Amino acid sequence: MELIYLLIPLSPLIGAIIAGLFGSKIGRKGAHTVTILGVAISCILSFVVLKHIVFDGNTYNENLYTWSAVKGISFHVGFMIDNLTAMMMVVVTFVSLMVHVYTMGYMSDDEHNWPKDSQAGFNSYQRFFSYISLFTFSMLMLVMSNNFMQLFFGWEAVGLVSYLLIGFWSTRDTAIYANMKAFLVNRVGDFGFLLGIAAVLMYFGSMDYQEVFDKAPALADSKINIIGSTEWSLMTVTCILLFVGAMGKSAQVPLHVWLPDSMEGPTPISALIHAATMVTAGIFMVARMSPLYELSTTALSFVLVIGAITAFFMGLIGIVQNDIKKVVAYSTLSQLGYMTVALGAGAYGAAVFHLMTHAFFKALLFLAAGSVIIAMHHEQDIRKMGGLKKYMPITYWTSLIGSLALIGFPGFAGFFSKDLIIEAVHMSDVPGATFAYWMVLLGVFVTAFYSFRMFFLVFHGEERMDEHTKSHLHESPWVVTVPLVALAIPAVFAGYLLDPMVVGDFFKGAIAGVGVEGSLVSEMKATYHGVFGFITHGLMMPPFWLAMGGLVSAWFIYMRRPEIATWFYKRFRWLHTLLDNKYFVDDFNQKFFASGAVSLGKVLWKAGDRILIDGLLVNGSAWLVNKVSGTVRRIQTGYMYHYAFSMIVGVLAFISWIIYRTSAS
Amino acid sequence: MDNWALLSLLIWLPIVGGIAVLMAGDHWCRPMALVVSIVTFVVSLPLWIGFDAATAAMQFEEKRLWIQTFGIHYHLGIDGLSMPLILLNTFITMIIVIAGWEVIQKKPAQYMAAFLIMEGIINGVFAAQDAMLFYVFFEAMLIPMFIVIGVWGGANRVYATIKFFLYTFLGSVFMLISLIYLYNQGGSFAITDMHHMKIGMTAQILIFLSFLLAFGVKVPMWPVHTWLPDAHVEAPTGGSIILAAIMLKIGGYGFLRFSLPIVPDASEELTWLIMLMSLTAIVYIGFIALVQQDMKKLVAYSSIAHMGFVTMGFFLMFAIHKNTGSYDGSVLAMQGGMVQMVSHGFISGAMFLSIGVLYDRMHTREISAYGGVANRMPIFAGFFVLFAMANSGLPGTSGFVGEFMVILASFKASFWIAFLAATTLIVGAAYSLWLVKRTIFGGVANDEVALLQDVNKREFFMLAVLAFFVLLLGLWPDPLTHVMGVSIEHLINHASQSKLPN
């Protein structure tokens, strides 16, 4: 098995290296063959591992090599494979494989995306495949890790690839602004994350997950001093610091600002990195650390409230977006909020379950959006679309499945996972749970509304595109539609894994089974009468009616009575302005943090280095020396070597004096 | 092994070779210098292979009486602290010789000779076990550097050389006084003898401050850092590389060899000062780097910020002891500082080399003169992004290892030290990536950029070799931490004992 575990991350890495370094030798065909082969091997083996771990009941936790061993503390690279990991591996490699295939279609005419005089786009097709394979490797290292150091490596490595891919079309100013912003905002999160890791190392004395978890209960009541003599709970501080990292990577308020901008990258990576996998790393991490989070209600409450705010308020912004990718991006933010809420409620299993279903239907929605974008010749404004149903039937039907899964329509994947989260929050007694409950409940309406607003505007109604575009409209090639269909299947059926995954003991051992998680599971078991019982039960619950309400309102407003939208826009101009400007968070960051840092730097440089140190101390002493020596100016020749010479003579004289004194005494 | 006189060979071979290159003249100087530097590098390899990592004692020792009257010995030896730095030096010198191959057209023989002689002297600094011998090498090193900046430097080179020379000379003069004082008290110039002397507190503090001045200027630590940006801007590419990659390390090395073991009580007493200076370097200098308009200045300031981690890591042991009552975690901190020194050698060397590649084509270092370089130099752009990422401490590159270790360890000393140190994650990424955004990415900015040619084979080779080491050290630092481990533990044990007379 060890060889298989090793092959899973390494085969995409090898593919990435070959495609990246030898792109011009192997050509386009060679590049996509080698990377797809690598990811396919990895995907198949992940399924083998899933069987081995889940069905045969094995676990694995071994170190591969010692990264560095320093007295008392050793850093390793190693794998910890349990049910949680196995599930993540399957999700990551499967979505990645689909995206790889899809990329063959999406990037086939990439040379049009580069200016004629630029060589930056040379081998861009090969390079793109290299990056997404490298991403797959990094993400696998992240989820398979058995220690914090490797987790941090994977964490930053996916950030690097995200940076490279958002700015893939590096001649576009918006793209290179967005990728720097993404990296820096993530670094703010990593700042907290690294401090959290430092806290773990220093108080638990190990980087190894298992050792840390074993020691956690004994340290549950430890206190540390941070400001003066105020005592803080070690667990709370550690967990919140780690969660700051998750806020960056999983784009939670207020570190969410990078994700909408990341849509500057090519659509396949929006699906893979910025919807299905990388952004869920934070969710995965908290679930992985659940034995620690279980010990701090304060930290959970913090997580819950942040998630609730993200889930609702980011969804609201989705309503006013007109860029097809931006709508999906805000819906991703909102859904990540849902997962975070579940974590905060202590329902880690529900969060991970939603992570999985979301990975499928959100990747599907993004790839479908990409298919639309190809057909529309890179037009992304939904106001210029409409009636695409008859031109693109496969894209249409798969989008419908994705949207229904997203809004939680009974029977589709999202229904099970989202209902479970709402149930969990409802049952939770973590402070802030009532607030969170209302946020996620109202969020259901919002989700349904923006999803179907987009859906209707794109696929139904009048055809608003220009004649030229219209004459070229056609369904995308098979490399695009096959992944759509392949993702649509789990977008429907993944929800039925509810039975084994949540009601069963799937995450036992991998996720802390106490607190709400435990009571949720026991309550589920008590009232659970099979999947269909869950569906019929769901039909009577508020989330279903809210979702239906959102869907119907969207249909009514955008298909039947567009004047309502206009009226609303005029009547609530301020609300629109607020949402359109994303609550002015970007402007604030730009003015306060970005410009502030530059101004601070300028002040420090000019006042500190130039005036104070150089001006006053360095050149000032030179000036003073010059003045003092005014009387002996005649022997000042101004030649450097004279000065150096006199210095040496001086030093020699000094030494002679000391030696004389020493020998005399 | 000892009687092979490897260390002497490492000192005198490049010096003699340098003189030979000088005599050979401009026509043959390049291949000759290359041969000398490669042979020196090869000669330095047995140090690594034959090194016994299980002991903290000096290895490859050589000892001969030099000046009998004062008991000054020609005494050489290395331990886990100096050995990696010698290898770094012999390696970087090879890169410098190759880097100056076509670029230096003015007096190339003298240029090559200066660097080879400097290589030998710096090896002497790291190998010297006699304080006087150390001092001689320490000062002698300034001369070739002074010449390199003064002869092959930019327009404002005179100001820069004087500033460089006076700054560093000022510091070392005070160190000399301390060394003479120690000799007077203990009767020996042997560094190990000084390690075992009992010294009163007042004397310790004064000695510590004099060492701080000497080594702090070299590192350079805030606020005695302002010579570095000027020296870098004026120095030719090779000068910048040796300055950043090796010379700064001598300051850090001095703290380990002199300050900590000779005056541990004063080090403990004044740890707050070092922490203050280091954190200021990390935070304050980071912001200054952000607003630089000149690429070299930006990298020079970022060097100062990175070296802040070195000094911080070296002195964290006392802060950790104060906070937790034990020295656990000190080894990690000091290891971090050492790894940071070696790593910074590769990364800053690579950054300055990259800037040199651009400067050779455009003859300007103004960031605003660039933009969209990737459109013309895609291969170079790949390297540059890699090195910028390493500069901002990305895991998997060597830049991560040292900072990671120091930040982890600093948490044990104080939450706030860790907090301030960790801001480098944000600020370091900000200045590095903003530089990348403004120079490498974007559309072709102007006609000069439009005419750029991508790297040639020689440049590709150098960048690739540096990239290899940056990644190797990032993915597997164990070989490096392994050889240093015992020496560092020994040093911490030694420095944790009070040396005040009873």
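What radius of gyration does chain B have, and what would a compact globule of 502 residues have? I looked this up over C-alpha atoms, with the globule rule of 2.2 Å times the number of residues to the power 0.38: chain B has 22 Å, which agrees with the value near 23 Å for a compact globule.

I noted that this is a predicted model, in which local features need pLDDT of at least 70 and side-chain atom pairs count only at pLDDT 80 or more, while totals for chains, interfaces and linings use all residues. Residues are numbered from 1 along each chain as its sequence is written, and chains are lettered from A and ligands numbered from 1 in the order in which they are written.

I then took the box along the principal axes, which for the C-alpha atoms of chain B is roughly 75 × 55 × 40 Å. Of the 502 residues in chain B, 66% are buried (20 or more other C-beta atoms, placed from the backbone, within 10 Å of a residue's own; exposed is 12 or fewer, partly exposed in between).

Next I turned to where the chains meet, counting a contact when C-beta atoms, placed from the backbone, lie within 7 Å: 54 residues of chain B are in contact with 57 residues of chain A. By class, this side of chain B has 36 nonpolar, 12 polar and six charged residues (nonpolar is Ala, Val, Leu, Ile, Met, Phe, Trp, Tyr, Cys and Pro, charged is Asp, Glu, Lys and Arg, and polar is the others, Gly among them).

Last, I recorded that chain A is divided into domain 1 (1-112 + 119-560) and domain 2 (587-664), with bounds from an automatic or database domain assignment, and that their C-alpha centres lie 56 Å apart.

Key:
Contact = placed C-beta atoms within 7 Å.
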